[in-house]
Amino acid sequence: MIVAILGAGPAGMSCANACLSFGLEPVVIERGDHLGGAQRSNFHPNLWLLGSPSESGQDLTRRLVAHYTELATTTLLNTRLVGLEQANEGFLLHLDTPQGARNMAVHALVIASGMRPYATPELTALAKTSPRVIIGPLNDTIRDDIHQARVLVLGGGDNALDHALFLAERGNRVRVCTRGVFSGREALLAACRKRPEILLIPYCRPERLVAGNLEVAALWADGESDTWDWLLVMYGYKPNTEIVEHFPPQLRPERHPGGHLVVDTWQRTSVAGIYAAGDVTDTVQPAIPTAIAQGLAAAKAIERDWKAGRLRP
Ligand SMILES: Cc1cc2nc3c(=O)[nH]c(=O)nc-3n(C[C@H](O)[C@H](O)[C@H](O)COP(=O)(O)OP(=O)(O)OC[C@H]3O[C@@H](n4cnc5c(N)ncnc54)[C@H](O)[C@@H]3O)c2cc1C
């Protein structure tokens, strides 16, 4: 009984681990060149996994990956799912692998492809033209290269505030600018307000941004303009679910308006035989423990559905 799992983050790795314990044969398909998912580059202390209070996301990921690599799983790195069709006993996956095109017959599919930082098309284009524009958190440049600088942060949630604090502690002057009110956790807001290096400005949006190799110029609504050494865009996240648009209509799982996959309490999507786990689902609190639990639940659901003859689309 072969289970294809898309994504080698905490949800995908946990699902593979659980599949083995339920007697299923997992094949993990990861489009990147590494295991571990989003927390692989998080240098901040882990917040939500009980039992490892001082571990960073990176340390935690190393531990999860070390366990995962000991398992008898098949992992295909740098591999993309480019098509899906219904087959007698489940699905036929069309894969684009470093060795070329390959088809794989599987009995069930788990989508565990996580989320990615979101930015407007204009800011995405700006980041392509300037090394001084960074989209999303958890970036090695933020950790290693930004010292004694002027930093403009766009966004008002936890990531914006968290990074403002991190940068202030490294001698940077930071302006955090959000278009409405700040929505980040109260404790982070209070900590930011205590730092003289941080200026929090609500209801603020630059009229125009121009980025070069060494700085970013901002023009504001009141006609003022200023320049910054770095621009960090912390607008939040978008689920990696575009892949389902390439599935035939009858095999395309339902999505919420924001793009997350709709699942029931068993991690089943609207298509029999296709499950989803982790940040791709509309989970209340995206986190490593949530992803690990959902990966486990998906494996259990597959085992049950398989035994009950419910897997066929
Ligand atoms: C700044 C920040 C701080 C956080 N801090 C914490 C914390 O302290 N504690 C905590 O518990 N959680 C934290 N989280 C949340 C945590 O990172 C996520 O909830 C968790 O990583 C979700 O795991 P996942 O497996 O669902 O997705 P991910 O970790 O995103 O993994 C998804 C994997 O799927 C791959 N992929 C994507 N698309 C495809 C595709 N089409 N085909 C194949 N593979 C694909 C990706 O390359 C990636 O490897 C934080 C998140 C952020 C952004």
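Let me start with one pair of residues: Leu6 stands opposite Ile111 in strand 7, and strand 1 and strand 7 pair in the parallel sense over four bridges. Two strands are said to pair if DSSP finds at least two bridges between them, and the helices (H or I, at least four residues) and strands (E, at least two) are DSSP runs, numbered from the N terminus.

Before going on, I should say that this is a predicted model, in which local features need pLDDT of at least 70 and side-chain atom pairs count only at pLDDT 80 or more, while totals for chains, interfaces and linings use all residues. Residues are numbered from 1 along each chain as its sequence is written, and side-chain values use heavy atoms, with hydrogens and water left out.

Strand 7 also runs parallel to strand 18 (residues 274-276), to which three bridges join it, and there Leu109 has Ile274 as its bridge partner. What covers the faces of strand 7, and which residues lie on each side? Ala108 and Val110 are on one side, Leu109 and Ile111 are on the other, and all are buried, where buried means under 20% relative accessible area with a 1.4 Å probe, protein chains only.

That leads to the largest nonpolar core, which has 30 residues, with Val3, Ile5, Val110, Tyr275 and Ile302 having the most contacts inside it. Such a core is a set of buried Ala, Val, Leu, Ile, Met, Phe, Trp, Tyr and Cys residues joined through side-chain atoms within 4.5 Å. Strand 1 (2-6), helix 1 (10-21), helix 2 (57-70), strand 7 (108-111) and helix 7 (288-307) each supply at least two residues of this core. A second, separate core of 25 residues includes Ala149, Val151, Phe182 and Trp230. In soluble globular proteins, nonpolar side chains tend to be buried together.

Now to the domains, whose bounds come from an automatic or database domain assignment: domain 1 is 2-116 + 237-307, and domain 2 is 119-233. Their centres, taken over C-alpha atoms, are separated by 32 Å, and ten residues from domain 1 and nine residues from domain 2 take part in the contact (heavy atoms within 4.5 Å). About 800 Å² is buried between domain 1 and domain 2, with carbon and sulfur atoms giving 60% of that area; buried area is the accessible area (1.4 Å probe) that two parts lose on being put together, summed over both. In domain 1, Phe43, His44 and Tyr237 lose the most area to domain 2, together 64% of what that side buries.

Methods:
Buried means under 20% relative accessible area, exposed over 50%, partly exposed in between (1.4 Å probe, protein chains only).
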